[in-house]
Amino acid sequence: MALQPLYLQPSIDTWQCSELARGVEPSRLPLRPHHPLVVGSFGTADALEKLAPERVEAACDLIEVRLDLLSADERRLRNWQRFEKLPVLFTARRASEGGSGDLDARARMALLNEILDDAALIDIEVASIPEMGALITELAAHELPWIASFHDFHGIPEIAQLHAAKEAARHAGAAGFKAAFAMDWQLDRLPSLGQFIVGSDFPVALMGMGPFAPISRVTFAQFGSVLNYGYLGDTPTAPGQWSAAQLRQAIQSVQSYPVS
Ligand SMILES: O=C1C[C@@](O)(C(=O)O)C[C@@H](O)[C@@H]1O
């Protein structure tokens, strides 16, 4: 499969300032300012095996395969190759940020190393950067971009904490920064979180989890969040996710009202 790596662009048109500027032609950047992408996330091997590619293509711009949710036999099938028109983002999530199987850094790197030829983008937690240096070096050698992620299942981080995590991601050579956090009632935090996206010269994706996940995901997309996750099949990969098809439709319905 010869898919191009996926390059991320900041939500405002300042990509020249970012790490991305190194040798990358803007024309190769599929993310355009205020044009958020929808990520269809597979929560089960069954969906990966059975969903019709046309249905998946209609629901999202790229797919996420959660390697930590698949058995060794299921991974060997490489069923993600059925979706040859879509870029694939691979994730092997650490347990402390919601991953399955309590995989240590070595095991997660081994899973990711197996699929590099099929990958357009890799997810590495900001917290895993220090222990996954070997993989990060390998990705740089393959010119394969990666997104640095951050998860908080208890509440919304302070902007200063998000800023520090984003700068750690940028410093380590990530192509973007993504944070998912529990949002129970704090809708009043949406404007400042939105401004965190709008004011960034580095690609940022934010998403709430829990009761206000749906409203937050549409709102953050309006602010220019670059990756917006929904599930494919019947099993969400985070609490409160929309299905990818619903999310895409909702984002499309508000796309004439971008916030910047
Ligand atoms: O990091 C993320 C985002 C996510 O947690 C969400 O909130 O939609 C879903 C995960 O599968 C993915 O790896």
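This briefing covers the fold, the sheet, selected helices and the ligand surroundings of one protein. The model is predicted. The protein contains nine helices and eight strands, and buried residues account for 45% of its 260 residues. Among contacts between residues at least 6 apart in sequence, 72% link residues at least 24 apart.

**Sheet**

- Eight strands form an open sheet with parallel pairing, in the order S7-S6-S5-S4-S3-S2-S1-S8.
- S7 and S8 are the edge strands, and each of them pairs on one side only.
- On average, neighbouring strands of this sheet are turned by 25° against each other, direction ignored.
- Helix H6 (residues 159-172) packs on the sheet, where it touches strand S5 (146-152), strand S6 (176-182) and S7.
- The direction of H6 makes about 150° with that of S6.
- At the S8 edge, strand S1 (residues 37-42) pairs with S8 in the parallel sense over six bridges, and Ser41 stands opposite Tyr231 in S8.
- At the S7 edge, S6 and S7 run parallel and are joined by six bridges, with Ala180 opposite Met207 in S7.

**Strand S7**

- S7 is mostly covered, with six of its six residues buried.
- In a regular strand the side chains alternate between the two faces of the sheet.
- In S7, Val204, Leu206 and Gly208 point one way, while Ala205, Met207 and Met209 point the other way.
- The residues on both sides of S7 are all buried.

**Helix H8 and its surroundings**

- Helix H8 (residues 213-223) is mostly covered, as eight of its 11 residues are buried.
- The buried residues of H8 are Ala213, Ser216, Arg217, Thr219, Phe220, Ala221, Gln222 and Phe223.
- These buried residues pack against helix H7 (190-198), S7, strand S8 (227-232) and helix H9 (244-254).
- Gly224 follows H8 and has a positive phi, near 105°.

**Nonpolar core**

- The largest nonpolar core has 72 residues.
- Ile63, Val88, Trp146 and Ala148 have the most contacts inside this core.
- Leaving aside residues up to four places away in sequence, Val88 touches Leu62, Ile63, Val65, Trp80, Asp118, Ala119 and Ala120.

**Ligand surroundings**

- The ligand is surrounded by 14 residues, of which Ser41, Ala180, Tyr229, Thr237 and Ala238 are the closest.
- Strand S2 (62-66) and strand S7 (204-209) are the elements that give two or more residues to this shell.
- By class, the shell around the ligand is made up of five nonpolar, five polar and four charged residues.
- Two of the closest residues also have partners across the sheet: Ser41 stands opposite Tyr231 in S8, and Ala180 stands opposite Met207 in S7.

**Arg189**

- Arg189 lies in the loop between S6 and H7.
- Arg189 has 19 other C-beta atoms within 10 Å, so it counts as partly exposed; a buried residue would need 20 or more.
- Arg189 and Ile115 are 74 residues apart in sequence, and their C-alpha atoms are 38 Å apart in space.

Terms used. Residues are numbered from 1 along each chain as its sequence is written. This is a predicted model: local features need pLDDT of at least 70, side-chain atom pairs count only at pLDDT 80 or more; totals for chains, interfaces and linings use all residues. A residue is near a molecule or strand if its C-beta atom, placed from the backbone, lies within 6 Å of it. Helices (H or I, at least four residues) and strands (E, at least two) are DSSP runs, numbered from the N terminus. Ala, Val, Leu, Ile, Met, Phe, Trp, Tyr, Cys and Pro count as nonpolar, Asp, Glu, Lys and Arg as charged, and the others, Gly among them, as polar. A residue is buried if 20 or more other C-beta atoms lie within 10 Å of its own, exposed if 12 or fewer, and partly exposed in between; C-beta atoms are placed from the backbone. Two residues are in contact if their C-beta atoms, placed from the backbone, lie within 7 Å. A nonpolar core is a set of buried Ala, Val, Leu, Ile, Met, Phe, Trp, Tyr and Cys residues joined through C-beta atoms within 7 Å. Two strands pair if DSSP finds at least two bridges between them. Axes are lines fitted to C-alpha atoms, for helices over the stretch in contact, and angles run from 0 to 180 degrees between N-to-C directions.
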